[in-house]
2 protein chains.
Amino acid sequence: MMDLQFQLIKESEKTRARLAKLKTTHGEVETPVFMPVGTQATVKSLTPHELMDLGASIILSNTYHLYLRPGSDLIKEAGGLHGFMNWQRPVLTDSGGYQVFSLGKLRKITEEGVEFRSHLDGSKHFISPEKSIEIQMELGADIAMVFDECAPYPADYEYVKQSKALTTRWAKRCLATHNRPDQALFGIVQGGMFHDLRRESALELIDLDFPGYGIGGLSVGEPKEIMYEVLDELIPVMPKDKPRYLMGVGSPDALIESVIRGVDMFDCVWPTRIARHGTVMTRQGRLTVRDQPFARDFEPIEEGCTCYTCQNFSRAYIRHLLKTKEILGVRLTTIHNIAFLFRLMEELKQAIREERLLEYRQEFYEQYRD
Amino acid sequence: MMDLQFQLIKESEKTRARLAKLKTTHGEVETPVFMPVGTQATVKSLTPHELMDLGASIILSNTYHLYLRPGSDLIKEAGGLHGFMNWQRPVLTDSGGYQVFSLGKLRKITEEGVEFRSHLDGSKHFISPEKSIEIQMELGADIAMVFDECAPYPADYEYVKQSKALTTRWAKRCLATHNRPDQALFGIVQGGMFHDLRRESALELIDLDFPGYGIGGLSVGEPKEIMYEVLDELIPVMPKDKPRYLMGVGSPDALIESVIRGVDMFDCVWPTRIARHGTVMTRQGRLTVRDQPFARDFEPIEEGCTCYTCQNFSRAYIRHLLKTKEILGVRLTTIHNIAFLFRLMEELKQAIREERLLEYRQEFYEQYRD
């Protein structure tokens, strides 16, 4: 397995934050980075060129969805995800684990793997760690993830302990199966909200020497303070010279808090999902531009925002498009929300560079209302 | 009322086709021209910048829909349609007549105007010729259309005769109401499939000296040959120095036949509507790219097409997007179909220039299967 290059550029002195460059087969990614989610081989409503214009350096795609439709063999035939969707920058695929576990009654977990029924047509499938890696090798992302079990919240200690142990055993099987030299495979730290289990999970995975580590099982319903405490305890155990990827986190405050605690990579469907429901992000907090008060508001979504949406269209026009269910409305809110998060990440990087991350956080909270 | 400038560039010697330039408040339009339809102040799924990149020189928007949502007063406040949707090239609005008549049982026609119930919430409304013009003056398009009655097909002679007479009386009332000097008002020739009524309608309207003339009530279900015969008889009656706009026509063969017969302007929802249902246009005819045979077809929609879609994506990827109901799929098919029609119009202009329109038609039909 290829060793992913991860080059630290700067480590903050007052916090655990750091700047780095992640070198993958399809190019370089500056971290900390937010990865937009392209579940079905498309970041909903956007072209790859729009994503590049927005400044996306890496995107995520979902193994479970692509396995069901159109099938990883078809994507392999198309030249992998890069060829299929015409995206030439880095891609990360999740393992399908989280999605399969989220099926609830439709799935059954054994030592061997997970048996589940498709949410589309009820057809029966089985994914083992080996199978997940085979699918991900066909999808051909730059970074693949191990097949893990994500414990729910809340869950009792004994359950999470067993689940964490299973995740480690599966991680070994993933590693044994993976043989694509142009693709890096990340481990995933589990252990729920229990600091000792998180620590054990991290140490067991470090022992397997992955080129990067996901942090799974957070942002699953627990209060944010609990997540931050887990990060406070876990991050010091994790190797400094490997990327740390906090899975499923994308709210502005959680991004800031997690970067301060030493996280390098993030993904989340939330910013693009709320966009499709007519909610946009601003420095002052969320704004449901779809609502009546904006019907005659001819200002842009956010004063001073340089995104395509804010440079060209008013809240009133976007509201009209959303109310009349016009596709352009969803495109414009999606563009703005991604631009908003990318600008936040740029500012966070700048603040690390200038060693003023804590001041930046304070300034941000002075305006922001969740 | 402003006299729209219409400058003939070339008249074909072997056919009635001509090349011209139409000068409007928001710029020049080369004719023959196809106008994409932006019913609700958006050409479905596209940005104004994408439309410009495609080469759209003028678009159409619908008075009936905009009157109901978001209201023409709001659009006036936003700086008219141009300001509201950020489209700085010419716009044409229809009068709402056709949409209102299409409501069937929901509307009642009197000499005064049309009472109808909204298709959205059943609320009661009344549009008279005067009201239609007031709305269109608020919308602020470069070209407005008179409020006409569009007879159905088939309809008997007496009905169409009365309907045609009503349309002429309404045209006079529209003219008397219209007073926006930066907006041109076109008359609309009616008369169903009856050549003498068409002739009378044209002469009555010419008497009112409009700067341009729509041809309404065609492409309403009659065989295409009947439409072509109406055009054959009607066009020689119409003034040479005024633009002729055939309303609601946009299939490739009908565009070619109508340009040959002397039509200058066209609009139609069909090419963009079929795109949204997964059907694309090619030189060989229509292709339902959403269908199974294209699942593993990694070629572009149309070999040699220079549109964004064909330059970047395969039939297999587009099919996947359409099957999974991803917005990008509809965007890509819409772009291709508009690009296809614009290329057709460019080729028709070139063929007129080179006096080889009839040869062009023959070559086109040799490949095209409807």
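These entries record what I looked up on the symmetry, two helix pairs and a salt bridge of a predicted model.

**Conventions.** I number residues from 1 along each chain as its sequence is written, with chains lettered from A and ligands numbered from 1 in the order in which they are written. For this predicted model I require pLDDT of at least 70 for local features and 80 or more for side-chain atom pairs, while totals for chains, interfaces and linings use all residues, and side-chain values use heavy atoms, without hydrogens and water.

**Entry 1: the two copies.** I superposed chain B on chain A and obtained an RMSD of 0.0 Å, with a turn of 180 degrees and a shift of 0.0 Å along the axis. The fit is by least squares on C-alpha atoms of residues with pLDDT of at least 70 in both copies. The copies are thus related as by a two-fold rotation axis. Within chain B, I find Ile327(B) closest to that axis, its C-alpha lying at 3.6 Å. Of the interface residues of chain B, 100% are also interface residues in chain A, so the copies meet through the same surface.

**Entry 2: α10 and α14 of chain B.** I take helices as DSSP runs (H or I, at least four residues) and strands likewise (E, at least two), numbered from the N terminus. Axes are lines fitted to C-alpha atoms, for helices over the stretch in contact, and angles run from 0 to 180 degrees between N-to-C directions. Helix α10 (residues 252–260) of chain B packs on helix α14 (residues 327–353) of chain B at about 25 degrees, with the axes 11 Å apart. That makes α10(B) roughly parallel to α14(B) (angles under 35 degrees; over 145 is roughly antiparallel, 65 to 115 roughly perpendicular, the rest oblique). I list Pro252(B), Leu255(B), Ile256(B) and Val259(B) of α10(B) as meeting α14(B) residues including Phe340(B), Leu344(B) and Ile352(B), where contact means heavy atoms within 4.5 Å. By class, this contact has ten nonpolar, no polar and no charged residues.

**Entry 3: α6 and α7 of chain A.** I find the axes of α6 (residues 129–139) and α7 (residues 157–177) of chain A within 8 Å, crossing at roughly 40 degrees. The pair α6(A) and α7(A) is therefore oblique. Among the residues in contact are Ile133(A) and Met137(A) in α6(A), and Trp170(A) and Arg173(A) in α7(A).

**Entry 4: a salt bridge.** I count 55 salt bridges over all chains, each a side-chain nitrogen of Lys or Arg within 4 Å of a carboxyl oxygen of Asp or Glu. One of them joins Lys44(A) to Glu326(B), with the closest N and O atoms 2.5 Å apart. This pair crosses between chains, from the loop between β4 (33–35) and α1 (48–54) of chain A to the loop between α13 (315–323) and α14 of chain B.

Notes: Ala, Val, Leu, Ile, Met, Phe, Trp, Tyr, Cys and Pro count as nonpolar, Asp, Glu, Lys and Arg as charged, and the others, Gly among them, as polar.
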